Amino acid sequence: MTRSLREMDYDYLTSKREDRIVYSMPGHAPSLVTTIAPNGTVNVGAFEQTMLCSNVPPVIILAVSPKSDTLHNLRDHRECVIGYPYPASVQKVYDAGVRLPRGISEVELVGFNTEPAVTVEPPRLRECWFVAEGQLLWEQDSGDHVACGISVNHVALDASFWDDDYKNRRVKLPALYYTVGGNFFEVGDHKKVQASSFVRNTGHAG
Ligand SMILES: Cc1cc2nc3c(=O)[nH]c(=O)nc-3n(C[C@H](O)[C@H](O)[C@H](O)COP(=O)(O)O)c2cc1C
């Protein structure tokens, strides 16, 4: 699988409105998260509860089960790479939900292909068209999951999905969404609307 990546560092992501991370990522789609276990192995977990929390600075929230190796690796080692997978890799996304003892890597078992990240130790996955490299900034108990705020230092996007028009950029992103029990779907219908007249008179935030 060869792809050309558009690399975007912290200064790039935070300088101009149209280059913000929000325009290169989907809302609430399953991500694949790599972390490093205490024995040095690479852990991969699937997390649909992935959401952008801040653009400047870029922060992504992961809602992670207290049972998951990903949470413990984040607490111990701090670093991770959050990636959005190509739809063709859907089987691997589902298989990344496998429960393995901590320190046993999903990489070989599931068949992920890794490549070095630019700013952190956990690798990128070549199965992903978007990768965000970062560190655990904070965590918050939230019931049955722990919300983890990940501060993002660096993003890379498959260059074939870049559009200079930031309003159109997200339309092309090949996001894969999840329901339950191995059922995934893609969104492919673009609707363009104008604000209603009463909204235009008061102003619009989106
Ligand atoms: C598509 C998909 C989405 C998932 N989303 C989440 C999630 O948002 N939060 C979570 O804690 N677990 C989620 N899981 C389950 C974890 O992937 C699973 O617990 C896995 O064992 C975690 O890996 P780890 O223990 O290596 O960190 C999801 C699983 C799949 C297949």
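β5 and β10 run antiparallel to each other, held together over 6 bridges, and that pairing is a handy way into this predicted model. Overall, the protein has 6 helices and 12 strands. Its radius of gyration is 17 Å, close to the 17 Å from the globule rule for 206 residues, so the protein is as compact as a globular protein of that length.

**Overall build**

- Measured out along the principal axes, the C-alpha atoms take up a box of roughly 60 × 35 × 35 Å.
- Buried residues make up 34% of the 206 in the protein.
- Looking at contacts with a separation of 6 or more, 64% come from residues 24 or more positions apart.

**Strands around β5**

- On the β10 side, Val59 of β5 sits opposite Ser151.
- Val59 also stands opposite Ser54, a residue of strand β4, which spans residues 50–54.
- β4 and β5 are antiparallel as well, with 4 bridges between them.
- Getting from β4 to β5 takes a hairpin of 4 residues.

**The nonpolar core**

- The largest nonpolar core has 43 residues, and the members that touch the most others are Leu32, Leu62, Phe130, Ala132, Ile150 and Val155.
- Several elements chip in at least two residues each to this core: strands β2 (31–36), β3 (42–47), β5 (59–64), β6 (79–85), β9 (128–141) and β10 (146–158), along with helix α2 (69–77).
- Take Val155 as an example: leaving out residues up to four places away in sequence, Val155 touches Met8, Leu13, Ile21, Ser24, Val131 and Ala132.

**Helix α2**

- Asp69, Thr70, Leu71, Asn73 and Leu74 are the buried residues of α2.
- Those buried α2 residues pack against six strands by name: β2, β3, β5, β6, β9 and β10.
- Right after α2 comes Arg78, with a positive phi of about 75°.
- α2 turns up at the ligand too, as one of the elements giving at least two residues to the shell there.

**Around the ligand**

- The shell around the ligand holds 20 residues, with Gly45, Gln49, Ser65, Thr70 and Gly97 coming nearest.
- Thr70 therefore has two roles to note in this picture, being on the list of buried α2 residues and on the list of those nearest the ligand.
- β3 gives the largest share of the shell, at 4 residues.
- Besides β3 and α2, both β5 and α3 (90–95) supply at least two shell residues each.
- By type, the shell splits into 9 nonpolar, 8 polar and 3 charged residues.

**A closer look at Gly134**

- Gly134 belongs to strand β9.
- Gly134 counts as buried because 26 C-beta neighbours lie inside 10 Å, against a cut-off of 20 or more.
- Setting aside residues up to four places away in sequence, Gly134 touches Cys80, Ile150, Ser151, Val152 and Asn153.
- Two of those contacts have come up already: Ile150 is among the core members that touch the most others, and Ser151 is the β10 residue opposite Val59.
- Pro30 lies 104 residues from Gly134 in sequence, and the two are 17 Å apart in space, C-alpha to C-alpha.

Key:
Residues are numbered from 1 along each chain as its sequence is written. This is a predicted model: local features need pLDDT of at least 70, side-chain atom pairs count only at pLDDT 80 or more; totals for chains, interfaces and linings use all residues. The radius of gyration is taken over C-alpha atoms; the globule rule is 2.2 Å times the number of residues to the power 0.38. A residue is buried if 20 or more other C-beta atoms lie within 10 Å of its own, exposed if 12 or fewer, and partly exposed in between; C-beta atoms are placed from the backbone. Two residues are in contact if their C-beta atoms, placed from the backbone, lie within 7 Å. A nonpolar core is a set of buried Ala, Val, Leu, Ile, Met, Phe, Trp, Tyr and Cys residues joined through C-beta atoms within 7 Å. Two strands pair if DSSP finds at least two bridges between them. A residue is near a molecule or strand if its C-beta atom, placed from the backbone, lies within 6 Å of it. Ala, Val, Leu, Ile, Met, Phe, Trp, Tyr, Cys and Pro count as nonpolar, Asp, Glu, Lys and Arg as charged, and the others, Gly among them, as polar.
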